[in-house]
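Student: I would like to go through this model and ask how each label is justified. Where do we start?

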Amino acid sequence: MRIEGKEYRTIWFENNVIKIIDQTKLPHQFIIKELKTVKDAINAIKVMEVRGAPLIGGTAAYGLALAVQENNDSEFIKKSAKDLIQSRPTAINLKWAVDRMMNKLSGINSDQILDIALNEAKEICDEDEKFCENIGINGLKIIEEIYNKKKDTVNILTHCNAGWLATINWGTATSPIYHAHKKGIPVHVWVDETRPRNQGANLTSYELNEEEIPNTIIADNTGGILMQRGEVDMCIVGTDRTLSNGDVCNKIGTYLKALAAHDNNVPFYVALPSSTIDWDIKDAKDIPIEERNSEELSHVEGIDENNELKKVLIYPTKSKAMNLAFDVTPAKYVTGLITEKGITEASFDGLKKLFK
Ligand code: MRU
C-alpha cells in the first residue's frame, strides 16, 4: 500500500540485508531500517519495530535466512530458530514461519542453503500478501451487503493495527476496507486508539490516511456508546492466534469490544490468514499471553513543539502498573472468520471445512 503516494511492502531483502519500516517511529518519522544479523531481527521483533502476527512471521523467516548468511553451521541455525521463536510469545505465526523454514532447510548442507532460505522467506511473505488480498476479496462481500441495505456510508470499527503495516501488504482487518474503498463503496473507520502502545492511533489511522480512507480515532472505551447509538455497522479485528474451536486471541481490549458488539447486535468479524490458526492448543487458558514492560503504560511518547520525539511520565511515580498485551474472545461472540479461503463460522467444523 502507499505512503506519500509510493507503494511499499513492510519487509524486503536487498543487498544482503532485511529492510523494514521502523514502526516505533510512526506516524511522526518514516524510517527504513536495515537488519543485518539474526540478532537484529530478534531485537526488531522484541522492541516492536515490526509487529502484527503475519509481519512477525515474515521477519522471523528472513531473520533465519540472515542466520544462514552469517554462519551456516547447523547448531547456529538451530539456536537462532529457538531464539527467534522466543522473541515474542503470543502470535503463532512466529513459530509457524520458523518451523516452515527449518523443515525446508532440514538435511541441506550444500552451497545452496542460503538461496533456499531466502527463497522460502520470500515465499512466506508473497503467500501472506496473496492471502491478505483474498481476505479482502472475501470480506468485501460483507461490506457490500451492508451498503446495499443501508445505501449510506458503512461505519466499521477496528481495534489495534491489523492493517497492511501488521502484514506484508493489504492487512487482514483492513483488506476488506481497502477493497470496498477501491470499489467506490463509502466507508468510514472508527479507529480504537489501542492503549498502551496506540497502534490504532499511530498506525491504523496513519495508513488509512495515506490511502485516503475516512477515519476517526476514538478512545478505547468509546466503541460501546457508538454501538448503542447505531453508529457502528460492523467490527473487523485481526488475531494473533485463533484456536481450532474458533476462540480468538488478539490485542488487549478486543474481548470487551466483542461483548459490546454482542449486546448491540453489531456483527463482529475476525480476519485472519490460515498461518494464524493454532491447531494444537485446545484450551484458551493455555495460550501464552504476553506481559510487557509497565513503562508502556506509565509513559507516553509524542513530538514536542520542535518536532522532536519525547517520552514523558504520566503516572504517579509510586504507582504500580500491569501491562497484559492480549486477551481472548470466546468463539460465541464472533460472527464469522474471514480467511483467504472464504468466510466461516468460528468453530472447529467451520475451520475444518476450509482447511483440513
Ligand atoms: O502487539 P502487536 O502490535 O503485535 O499486536 C497486533 C495485533 O494484536 C493484531 O491485531 C494482530 O497481530 C493481527 S495483525 C494482522
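Tutor: This is a predicted model. Start with pairing: two strands count as paired if DSSP finds at least two bridges between them.

Student: What makes β6 and β7 a pair?
Tutor: Five bridges join β6 (residues 154–158) to β7 (residues 187–192). The requirement is at least two, so β6 and β7 are a pair. The two strands run parallel, and I156 has V189 in β7 as its bridge partner.

Student: In what order do the seven strands of the open sheet lie?
Tutor: The order is β8-β7-β6-β9-β12-β17-β18, with mixed pairing.

Student: Why are β8 and β18 said to stand at the edges?
Tutor: Both β8 (215–218) and β18 (342–344) have a single partner strand, so one side of each lacks a neighbour in the sheet. On average, neighbouring strands of this sheet are turned by 25° against each other, direction ignored.

Student: Which strands does helix α5 touch?
Tutor: Helix α5 (residues 113–150) packs on the sheet and touches β6, β7, β9, β12, β17 and β18. Its direction makes about 130° with that of β17. Helix α6 (residues 175–182) lies across β6, β7 and β9, at about 155° to β7.

Student: How do you know that R88 makes a polar contact with the ligand?
Tutor: An N or O atom in the side chain of R88 is 2.8 Å from an oxygen atom of the ligand. The cut-off is 3.5 Å for a pair of N or O atoms, so this pair is a polar contact.

Student: What share of the ligand's accessible area does the protein cover?
Tutor: The protein covers 100% of the 410 Å² that the ligand has on its own.

How values were computed:
Residues numbered from 1 in each chain as written. Predicted model: local features only at pLDDT ≥ 70, side-chain atom pairs only at ≥ 80, totals over all residues. Heavy atoms only, no water. Helix = DSSP H or I, 4+ residues; strand = E, 2+ residues; numbered from the N terminus. Axes fitted to C-alpha atoms, helices over the stretch in contact; angles between N-to-C directions. Contact = heavy atoms within 4.5 Å. Polar contact = N/O pair within 3.5 Å; in protein donor to acceptor, adjacent residues only side chain to side chain. Areas by Shrake-Rupley, 256 points an atom, 1.4 Å probe, with all protein chains shown as cover.
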